[in-house]
Amino acid sequence: MRTHLSVAVLGVTLGVVISASGLSDWGEVHRMFSLGIGQGGFTLDNLRLALAFGGAVVLSVVGFRAFARYDEIPAKPVRAGTVPGAILFGAGWALAGACPGAALVQIGEGKTAAFVSLAGMLAGAWLHDALRKRLGWARHSCID
Amino acid sequence: MTYWPFWIVAPALAVLTVGYWIALRRPLGVAGVLARFSRIAEEAEFDRGAAVLQAEQAALEAAMAQLTAEAFGELAPAGTEGAAPLAPASTEWPAPPPEPAKAPQGRVCAPTPTLTVHATFLVSLALGGFVAALVRGTFGEGMGKSFAAHLGAGPRSLLALAAGGVLVGFGTSLCGGCSAGHGLTGCGRLMPGSLLATVVFFASAVAASLLIGRLA
């Protein structure tokens with residue numbers, strides 16, 4: 001029960017941050033990945049989300065160093081699926097305007113079309129799992 | 001529409017990333033959680049197996065404790081009674097060497113939580129979006145002008161979302177993480193696989209966005 005409560009508090013907070021940052025807004029995601037090209041160049045407004053993401057990474061490095069330096073967090077080595085998977089994921093994020101977390105946030109925001117994105121994500125994950133079993137790929141998901 | 005500036009979003013995401021690990025001892029990630037629900041029957045079986053294993057282990061420990069008690073009687077923890085009183089310390093003895101400095105102990109990763117925990121996480125993400133949209137007063141406004149300008153409306157736009165979703169689901173499963181698992185948690189810990197994945201998915205998204213902008 002305690003785990004459920006912690007997960008719920010963190011999830012709601014993350015949902016609010018994703019929504020308030022614009023990461024669940026198709027137009028904002030499109031603007032982030034267009035880097036201002038053809039839209040007025042490298043202005044602070046056009047690079048807002050890219051800076052937010054980059055800044056979050058830098059601050060996370062500092063945070064993990066400061067508070068979790070000796071923790072044993074599972075490693076994420078480069079694997080055969082890293083590059084091809086990331087290419088597909090990037091293209092899909094730009095097209096759907098949502099990473100997995102943002103699709104759920106969009107549903108909460110009342111963007112009903114996001115149910116289609118979510119269904120697509122579930123289908124894609126299912127497809128990968130089916131292919132993996134059939135072709136004997138190693139399991140790449142050391143993710144939660 | 002006004003969204004938070006980058007200097008508020010960045011620390012907020014970083015606090016959540018590190019905080020998630022410290023609170024739950026699990027790396028923050030969404031794609032992997034979502035993927036579990038795409039093979040829910042198998043994952044439910046996994047949960048049941050984990051629960052049985054845990055119960056069996058507890059039963060085994062209890063049985064061993066009981067057998068020990070039957071064989072040797074209830075033993076008090078060593079050193080509390082029955083031990084011979086220590087001889088008075090001789091002042092001629094050298095002081096014991098100082099204990100070596102202990103290596104700092106870190107947290108260890110918790111086992112995979114149950115599906116109900118993961119379902120709670122996904123639902124609470126949506127709830128966060130709901131709250132934020134209500135506060136902004138934008139609940140139910142749809143995907144927005146830019147979306148309609150680039151991808152149109154109706155079945156065509158839904159097809160684009162479905163295709164994008166499949167690419168996200170397949171891609172994240174293949175590369176083992178998403179913007180949270182690789183981008184925030186993995187890069188935050190400078191994991192080589194995550195750094196490479198993040199550079200590649202960002203570059204791929206830039207290329208795709210420029211293409212979408214050109215086609216529309």
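## Helix α2 of chain B

In this predicted model, α2(B) is mostly covered. Seven of its eight residues are buried. They are B:A31, B:G32, B:V33, B:L34, B:A35, B:R36 and B:S38.

What do these buried residues pack against? Both chains take part. From chain A come α5 (100-108) and α6 (114-135). From chain B come α3 (40-72), α4, α6 and α7.

## Where chain B meets chain A

Helix α2 also belongs to a wider contact between the chains. Here 110 residues of chain B are in contact with 100 residues of chain A. Seven elements of chain B each give two or more residues to its side of this contact: α1 (6-24), α2 (31-38), α4 (115-136), α5 (145-151), α6 (155-175), α7 (179-188) and α8 (192-215).

What kinds of residue make up that side of chain B? There are 70 nonpolar, 35 polar and five charged residues.

## Helix α1 of chain A

Helix α1 of chain A runs over residues 2-21, which makes 20 residues. From first C-alpha to last, this helix reaches 28 Å. That is close to the 28 Å expected at 1.5 Å a residue.

Many positions in α1(A) are buried. Those in its first part include A:V7, A:L10, A:G11, A:V12 and A:L14. Farther along come A:G15, A:V16, A:V17, A:I18, A:S19, A:A20 and A:S21. The buried residues pack against α3 and α5 of chain A, and also against α1 and α4 of chain B. After the helix comes A:G22, with a positive phi near 95°.

## A tyrosine in a loop

A:Y70 sits in the loop between α3 (48-67) and α4 (82-96) of chain A. Is A:Y70 buried or exposed? A:Y70 is exposed, because there are 9 other C-beta atoms within 10 Å, and a residue counts as exposed with 12 or fewer.

A:Y70 still has partners on the other chain. A:Y70 touches B:P104, B:Q105 and B:G106. A:G120 is 50 residues from A:Y70 in sequence. In space, the two are 38 Å apart, C-alpha to C-alpha.

## Two domains in chain B

The domain assignment splits chain B into domain 1 (30-72 + 114-141) and domain 2 (143-216). Their C-alpha centres lie 27 Å apart.

How many residues does each domain bring to the contact? Domain 1 of chain B gives four residues and domain 2 of chain B gives six. On the domain 1 side, three residues are nonpolar, one is polar and none is charged.

Notes:
Residues numbered from 1 in each chain as written. Chains lettered and ligands numbered in written order. Predicted model: local features only at pLDDT ≥ 70, side-chain atom pairs only at ≥ 80, totals over all residues. Contact = placed C-beta atoms within 7 Å. Helix = DSSP H or I, 4+ residues; strand = E, 2+ residues; numbered from the N terminus. Nonpolar A, V, L, I, M, F, W, Y, C, P; charged D, E, K, R; others polar. Buried ≥ 20, exposed ≤ 12 C-beta atoms within 10 Å, placed from the backbone. Domains from an automatic or database assignment. Expected span 1.5 Å × (residues − 1). Lists of a residue's contacts leave out its neighbours within four places in sequence.
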